[in-house]
Amino acid sequence: MSKPPKSFTIKDWEFVDRPREKLWHQGAATLSKAELIAIIIGSGSTQESAVELMKRILASVENNLQKLQQLPLEHLVKFKGIGKVKAVKIKAALALSKRLAEQKSKAPIVLTQSKFVYEHMRYELALLPHEEFWVLYLNQSSKLLEKFRLSQGGITATVVDIRLALKRPFELEATALILVHNHPSGSLTPSASDRQLTAQFKQAASYVALTLLDHLIISAKLKYPFSEIIRWS
C-alpha cells in the first residue's frame, strides 16, 4: 500500500519565511495578520499550513480583525483545520488585543474633531446588527468625561429620551455633548427623524447652558457629521 503524500507544512518553508523565525529576527511588524495568528494556532491541516488556513479565514471576513473578533466560535470551528482549542486561542488573542487598546485609551481623550470621535466610537458601533444611540459628555477643554449608551433598538431605529441624556452632565460638570448613533444598513444618509432629533437636542441643551458640538452617524466604513448643520441651524 502506498503511503499518503506528505503534507507541506511551515517546517518545509525557507527558514527566513517561517512566521516564528521572522518575528524573532525581524520583529512582529514585518508579519501579516495571517502569520501572526498562525503563530498562535500553531498548525494548520494536512492540506494547508497554519498561514494558508488563516489567510482563508481572514478572507471570509474581508481581512477585518473586528469582524473576525465578532465571528462566533461555532462558525470558526466550521473551517477545516480549526477545532475548539484553536478557535478559543484565536478568540483569546483578539480579546487580549482589544483590552490592550482599551488600556492605552485610558489616557485623557480630547475630542476636538469629528474624526477623533469616529476613531473612538467605531469599535463600539460600526459593525453592530442593531441601532444604538450614545451621548459623549465633554468638559470645557473638550476632554471626554464619560460616554453613555442612551438607548439600544432594532435594525432601523431606537427610542431616545432627551431628558435622560441631559441629567448626567450636571453630575459630571460637563459643558458640551456629542451625539453618536449607527446605521446597521451602512447608509450614511441622515433620516428626517435624525435631523429632527438633532435640532431638538440642540434646543434642549441650550436651555441648560450646554453646547451640542456634533452628531455623528457611523457605519462600517465611514461617518456622517452633523457639525455643519448644528453650526448654522
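Ile82 counts as buried, with a relative accessibility of just 5%, well inside the cut-off of under 20%. That value, like everything else here, comes from a predicted model. The residue sits in the loop between α5 and α6. Which residues touch Ile82 once its neighbours within four places in sequence are set aside? The list runs Ile41, Leu53, Ile57, Leu76, Val77, Ala87 and Ile90. Met54 is not on that list, but the C-alpha atoms of Ile82 and Met54 are 9.6 Å apart, with their positions 28 residues apart along the chain.

Next door, Gly83 belongs to the loop between α5 (73-76) and α6. Buried or exposed? Gly83 counts as partly exposed, because its relative accessibility is 34% and that class covers values between 20% and 50%. Gly83 also pairs up with a remote stretch of chain: Ile41 is 42 residues away in sequence, yet the C-alpha to C-alpha distance is 9.9 Å. Ile41 turns up again among the contacts of Ile82.

Zooming out, the protein has eleven helices and five strands. Of its 233 residues, 37% count as buried. Among contacts with a separation of 6 or more, 58% join residues 24 or more positions apart. The accessible surface adds up to about 14,200 Å², and carbon and sulfur atoms hold 57% of it.

Then there is the largest pocket, with a volume of about 860 Å³. Its lining takes in 26 residues, and Lys98, Ala101, Glu102, His120 and Tyr123 are the closest to the centre. Four elements give two or more residues to this lining: α4 (65-70), α6 (84-104), α7 (114-125) and β2 (144-152). Which element gives the most? That would be α6, with five residues. As for chemistry, the lining of the largest pocket splits into nine nonpolar, eight polar and nine charged residues.

Two backbone oddities deserve a mention. Glu62 has a phi near 60°, which is a positive value in a residue other than glycine. Glu62 is placed in the loop between α3 (50-60) and α4, and counts as exposed at 61% relative accessibility. The other case is Glu173, where phi is again positive and near 60° in a residue that is not glycine. Here the setting is the loop between α9 (168-172) and β3 (176-182). Glu173 counts as exposed too, with a relative accessibility of 66%.

How far can the coordinates be trusted? The average pLDDT of the protein is 84, and 84% of the residues score at least 70. Confidence peaks in strand β1 (residues 132-138) at 95 and bottoms out in helix α11 (residues 227-232), where the mean is 43. Two stretches stay under 50 in pLDDT. Residues 4-8 form one of them, and the model gives that stretch five contacts beyond four places in sequence. Residues 228-233 form another, with nine such contacts. Where pLDDT is low, the predicted coordinates should not be read in detail.

Methods:
Residues are numbered from 1 along each chain as its sequence is written. This is a predicted model: local features need pLDDT of at least 70, side-chain atom pairs count only at pLDDT 80 or more; totals for chains, interfaces and linings use all residues. Side-chain values use heavy atoms; hydrogens and water are left out. Buried means under 20% relative accessible area, exposed over 50%, partly exposed in between (1.4 Å probe, protein chains only). Contact means heavy atoms within 4.5 Å. Accessible areas come from the Shrake-Rupley method with a 1.4 Å probe; for residues, only the protein chains shown count as cover. On a 1 Å grid over the protein atoms alone, a cavity is a set of points where a 1.4 Å probe fits but cannot get out, and a pocket is an open set with protein on both sides within 12 Å along at least five of seven lines; lining residues have an atom within 4 Å of a point. Grid points are joined across faces, edges and corners, and a volume is the space filled by probe spheres set on the points. Ala, Val, Leu, Ile, Met, Phe, Trp, Tyr, Cys and Pro count as nonpolar, Asp, Glu, Lys and Arg as charged, and the others, Gly among them, as polar. pLDDT is the predictor's confidence in each residue, from 0 to 100.
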